[in-house]
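Here's a friendly walk through a protein fold, for anyone opening it up for the first time. Have a look at the picture, then read on.

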Amino acid sequence: MKLFNTKILGTGSYLPEKIVTNHDLAKRIDTNDEWIVERTGIKARRIADISKDEVPSGMAKEATLRALEAANLTPNDIDCILFSSTLADQAMPNAASVLQFKLGITNNCPALDVNAACSGWIYLIPMANALIQTGVYKHILVVGSEMLSSFNNWDDRNTCILFGDACGVAILGRASENEDARIYSTVLSSDSSKKDHLTLWAGGSAKKITHEVLENNEQWMTMNGQEIFKAAVKTMAAHAEKVVKESGLTMNDVDWFIPHQANLRIIEAVGTRFNFPPEKVIINVEKYANTSSATVPVAFDEAVRDGRIKRGDNVLFAAFGAGLTAGAIFFKY
Ligand SMILES: CC(C)(COP(=O)(O)OP(=O)(O)OC[C@H]1O[C@@H](n2cnc3c(N)ncnc32)[C@H](O)[C@@H]1OP(=O)(O)O)[C@@H](O)C(=O)NCCC(=O)NCCS
C-alpha cells in the first residue's frame, strides 16, 4: 500500500476582540499584576462575546477561512473535520457539524468532535496523519477552539487568572513526491490516576446543572495547580524527548519548540531541560493566557505568518491537559 506523507497546507487563528488585562481582573478579585506575571507570565487574555458569534464554532469559522486562503483551497475541498473543544457550543449538534454549516460546506464530509482538554488539538494530529497517509482523506481540517470563559469562575483567583478564549486550526493534506514535509513521530497518553486534579464536574450527563449545583458553585472548573504544574513539566519533557528520539534526530535538530501555553514557568522549565535557546521557543502566553487546545495551533499560526517558521523547518509540539492527557508531535513543516 502506498503511503503519503502529511503536510500542513495552511493555518489560521482567531482571537476574540475583547482584551482583559491583569489590572482589569484586580478590580474584581484580590490579585495584582505583579503576582500573576511572576507566577505565570500572563499579562492579558481574550474573552469571547457570544453576540459576535465568538463561540467555538464561530471562532473556528473565521480561523478556517484564513487557513483556506493560506492553503489556496475552498471550503468544499475539506473532506473531513476534526474539532477539539473542552466545552463546545452545545452537546448536540456537534461543533464540527455546526462549523461545516457555517462554512457553507455542502459535500457532507464527516464532522467529529473530540475532547481531550488542552491536549485535544495535539491528539487529533496523529489521527489526521493516519487518515492522510493511508489516502482515506485529502484535506483534513483540524480545529482547536475554546471558550474557557464559559466555565471559568471569575471570582476564584486560583484559576480565573490563567485562562482565555481562542481558536487555532490547520489543514492537513498530502505532500507531493518532491516535497520533504512529513510528520516524523507522534506520542499520546493519558494518566487517569491524576484525573481529579483538573475538573468540571457539573453540566454533563452525570451531574446536570441544578439549583443545588449552582448554590455549591459546581458549574466551574476546579484545579490543583501545583500537581498540574509538576505533571506538566514531567510529561511534556518526556514526550518531547520520545518523539525526537524516535525520529532518529536529536534536540539540536529541533528548529522550533511550541509547547502548550499554560504558564511561562512550565514552558521555561521544559525548554531549559533541553537547553533550547529562548529564541527557539515560541511563546505567546503573555498575550492570550491558556486557551486550552487552541494554544499550540494559535502560536504555530502566528509564527508561520510572521515568518519565523519556514518550510523545511523541524517543529516540535508538546501539550498536556485535564485527564491528565498529554502528547507531542515532531514534524518537518
Ligand atoms: C496556579 C499557579 C499559578 C499557582 O502558583 P503557585 O506558585 O503554585 O502558588 P500557590 O498556589 O502556592 O499560592 C501561593 C499563594 O498565592 C495566593 N494566590 C493564589 N492565586 C492568587 C492570585 N491570583 N493573586 C494573588 N495571590 C494568589 C494563594 O492563596 C497562596 O497564598 P497563601 O500562601 O497565603 O495560601 C501554579 O500552580 C500553576 O500555574 N499551576 C499550573 C496550572 C495549569 O497550568 N493549569 C492548566 C493546565 S492545562
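## Strand S7 and its neighbours

Let's start with a bridge: Ser 145 has Cys 167 of S7 as its partner. This is a predicted model, so keep that in mind as you read. Another bridge along S7 links Met 147 with Asp 165. Both belong to a wider match-up, since S6 (residues 140-147) and S7 run antiparallel to each other over eight bridges.

S7 has company from S1 (residues 6-14) too, and that pairing is also antiparallel, with eight bridges. Here Cys 167 turns up again, as the residue in S7 that Tyr 14 stands opposite. How many of the ten residues of S7 are buried? Nine of them are, so this strand, covering residues 165-174, is largely enclosed by the rest of the structure.

## The five-stranded sheet

Zoom out a little, and you'll find S7 in an open sheet of five strands, ordered S1-S7-S6-S4-S5, with mixed pairing. The edges go to S1 and S5 (111-114); each has a single partner strand, so one side of each is left without a neighbour in the sheet. On average, and ignoring direction, neighbouring strands here are turned by 20° against each other.

Two helices pack on this sheet. H3 touches S1, S4, S6 and S7, and its direction makes about 130° with that of S1. H5 (residues 120-133) touches S1, S4, S5, S6 and S7, and makes about 170° with the direction of S6.

## A closer look at helix H3

H3 takes in residues 56-71, which is 16 residues. From its first C-alpha to its last, H3 reaches 22 Å, close to the 22 Å expected at 1.5 Å a residue. Just after H3 comes Asn 72, with a positive phi near 60°.

Plenty of H3 is tucked away: its buried residues include Pro 56, Gly 58, Met 59, Lys 61, Thr 64, Leu 68 and Ala 71. What covers them? The cover for the buried residues of H3 includes S1, S4 (80-84), helix H4 (95-102), S6 and S7.

## The four-stranded sheet

There's another open sheet to find, with four strands in the order S8-S13-S12-S11 and, again, mixed pairing. At its edges stand S8 (182-190) and S11 (256-259); each has a single partner strand, so one side of each has no neighbour in the sheet. From one strand to the next, the twist averages 10°.

S11 and S12 (residues 314-321) run parallel and are joined by four bridges. Within that pair, Ile 258 stands opposite Phe 317 in S12. Helix H10 (residues 295-305) packs on the sheet, where it touches S11 and S12, and its direction makes about 145° with that of S11.

## The whole protein

Stepping right back, the protein has ten helices and 13 strands. Its C-alpha trace spans about 60 × 50 × 35 Å along the principal axes. A compact globule of 333 residues would have a radius of gyration near 20 Å, and the 19 Å found here agrees with that.

Half-hidden is a fair nickname, as buried residues make up 50% of the 333. The contacts reach far along the chain as well: among those between residues at least 6 apart in sequence, 78% join residues at least 24 apart.

Terms used. Residues numbered from 1 in each chain as written. Predicted model: local features only at pLDDT ≥ 70, side-chain atom pairs only at ≥ 80, totals over all residues. Buried ≥ 20, exposed ≤ 12 C-beta atoms within 10 Å, placed from the backbone. Pairing = 2+ DSSP bridges. Axes fitted to C-alpha atoms, helices over the stretch in contact; angles between N-to-C directions. Contact = placed C-beta atoms within 7 Å. Expected span 1.5 Å × (residues − 1). Rg over C-alpha atoms; globule rule 2.2 N^0.38 Å.
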